[in-house]
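Please find below my comments on this entry, set out as numbered points for discussion. I would suggest reading them with the structure open alongside.

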Amino acid sequence: MDTLQNLPYLSALRGEAHERTPIWIMRQAGRYLPEYRAVREKTSFIGLCKTPELACEVTLQPIRRFGFDAAILFSDILVPLEPMGAPFSFDDHGPRMHHTVRAAADVDALRVVDSREHTGYVAEAVRMIKRELGDRTPLIGFAGAPFTLAAYMIEGGGSKDYRHLKAMLYSDPALLSRLLDKLADQITDYLLMQVEAGVDAVQIFDTWGGILHPQDYERVIMPGLRRILAGLKGAGVPRVYFLKGSAPYLDHVRTLDAEAFGVDWTLDLAVAARAYPGRAVQGNLDPLCLFGSHEEIRRRALEICRAGRDAAGHVFNLGHGILPEAPLDAVETLVATVQAYREGD
Ligand code: CP3
């Protein structure tokens, strides 16, 4: 098998033996990096996402600085929504949808489009990044999970209580399911485009999937996930499902046909390893631990590495995205600790 496939990140996802625990971190390209802020000063966040040269440059920044074991395409989970008929922008408080999706007519008006035609700039960014990375570092493609995307569309942005989303769930669940089905079809096509363009793995981000009763998680959220995972099954790349707050749903999540599961810090990684036999796990240091002492960062990172030994494969990550205020030397300590860890340490 070629050198790229034998790198720790891809070996770990396949559950094959590898020398050391690979590490990358969610939001590794972003505002905690001075070199990112320098590029970002000259253009908007969406401008970055839509300009392949710039998306390529900021994707590579954290690889150059820290030597992470995987790069992740620089983009945002909301990108495929615009051509569906759900435009958005970003302000200081995060994403703002230009209109909400709450009535049946709003759902019907959304289109499932050809990703290559409408978001070709993402495929172009993938091709450029792959050329730069060569066989040295694998590239992760990604998309938002249908429920997490729907949360932004229905609420119109971030939300404290998901009132409108839950109002739809508890008054017209069939409408919510229709929205999730449409999103699942769009996301499947969007991820297939990324695979065709060259990504080596795909990750589905379900940041808000953890706010429902387990029965609702199963009935409402899982069908769309199954559709996406089935659509990608033959694509030849590992499929990683990250669910924030997954602890109450382990029995459901383990039935999903994915190669790896990402978990946050509210679950002991040893428990995750037992919950997902035969599959790789990814995680799970609290991003806020980076604000603690370096001694504590090292201690907790090693604890997680040791717990990961019980899984079929372990990819080290934070349990959620790194904060813009995170100190760079804390990230250095974390990467050095994880990359130096060997079985028995
Ligand atoms: O991980 C990476 O380095 C790849 C790039 C990436 C971004 N967003 C860049 C980004 C990825 C994979 C995402 C996913 C994403 N986006 C998620 C799922 C994962 C998660 O963190 O929960 C969600 C929910 C979003 C939606 C989103 N995008 C929010 C809520 C915000 C605003 C809050 C924030 O942290 O800024 C964004 C903006 C965003 N996405 C930035 C970056 C680097 C900051 C943009 C800027 O430069 O101002």
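The points below take up the core, one helix, the ligand site and several single residues in turn.

1. The model is a predicted one, and every remark here should be read with that in mind. Its largest nonpolar core has 133 residues, among which Y9, W24, F68, Y217 and L334 touch the most other members. The element that gives the most to this core is helix α11, spanning residues 173-197, with 12 residues.

2. F68 deserves a separate look, as one of the core residues that touch the most other members. Leaving out residues up to four places away in sequence, F68 touches I23, W24, I25, Q28 and Y32, then P62 and I63, then T137, and finally V331, V335 and Q339. W24, which F68 touches, is itself listed with F68 among the core residues that touch the most other members.

3. Helix α4 covers residues 52-66, and its 15 residues reach 22 Å from the first C-alpha to the last, which is close to the 21 Å expected at 1.5 Å a residue. The helix nevertheless bends by about 25° at L60, and a proline, P62, follows within four residues. Just after α4, G67 takes a positive phi of about 65°.

4. Which residues of α4 are buried? They are P52, A55, C56, V58, T59, L60, Q61, P62, I63 and F66, a list that takes in both L60, where the bend is placed, and the proline P62 that follows. The cover over these buried residues includes the helices α2 (34-41), α3 (45-50), α8 (120-133) and α16 (328-340), together with the strands β1 (71-72) and β4 (139-144).

5. The ligand has 23 residues around it, of which R27, R31, Y36, T207 and H320 come nearest. A polar side-chain atom of Y36 lies 2.5 Å from an oxygen atom of the ligand, and an N or O atom in the side chain of T207 is 2.6 Å from a ligand oxygen. With Q28 it is a polar backbone atom that is involved, at 3.0 Å from an oxygen atom of the ligand; Q28 is also among the residues that F68 touches.

6. Two residues other than glycine have positive phi values, and a colleague checking the backbone may wish to view them together. R27, one of the residues that come nearest to the ligand, has a phi of about 60° and sits in the loop between α1 (8-14) and α2. Y162 has a phi near 55° and belongs to the loop between α9 (146-155) and α10 (163-171). Their surroundings can be set side by side: R27 counts as exposed because its relative accessibility of 55% is over the 50% limit, while Y162 is buried because its relative accessible area of 6% is under 20%.

7. Y162 also appears among the contacts of I211, which touches F147, Y162, L165, K166 and Y249 once residues up to four places away in sequence are set aside. I211 is placed in the loop between β5 (201-206) and α12 (214-232). Is I211 buried, exposed or partly exposed? The residue is partly exposed, because its relative accessible area of 25% falls between the 20% and 50% limits. The C-alpha atoms of I211 and T188 are separated by 23 Å, and the two residues are 23 places apart along the chain.

8. I304 lies in helix α15, residues 294-308, and counts as buried because its relative accessibility is 10%, under the 20% limit. Apart from neighbours within four places in sequence, I304 is in contact with L269, G283, N284, L285, H314 and F316. Two of these contacts, G283 and N284, are joined by a cis peptide bond with omega near -5°, and N284 lies in strand β8, residues 280-285. I304 is 107 residues from A197 in sequence and 33 Å from A197 in space, C-alpha to C-alpha.

9. Two further helical residues complete the comments. D189 is found in helix α11, the helix that gives the most to the core, and the side chain of D189 makes a polar contact with the side chain of R116 at 3.0 Å. Beyond residues up to four places away in sequence, D189 touches V113, D114 and S115 as well as R116. T337 lies in helix α16 and is buried, with a relative accessible area of 11%; not counting residues up to four places away, T337 touches R298, A301 and L302.

Note on methods: Residues are numbered from 1 along each chain as its sequence is written. This is a predicted model: local features need pLDDT of at least 70, side-chain atom pairs count only at pLDDT 80 or more; totals for chains, interfaces and linings use all residues. Side-chain values use heavy atoms; hydrogens and water are left out. A nonpolar core is a set of buried Ala, Val, Leu, Ile, Met, Phe, Trp, Tyr and Cys residues joined through side-chain atoms within 4.5 Å. Buried means under 20% relative accessible area, exposed over 50%, partly exposed in between (1.4 Å probe, protein chains only). Contact means heavy atoms within 4.5 Å. The expected span of a helix is 1.5 Å times one less than its number of residues. The bend at a residue is the angle between axes fitted to the seven residues ending there and the seven starting there. A residue is near a molecule or strand if one of its heavy atoms lies within 4 Å of it. A polar contact is a pair of N or O atoms within 3.5 Å; within protein, one must be able to donate a hydrogen and the other to accept it, and residues adjacent in sequence count only if both atoms are side-chain atoms.
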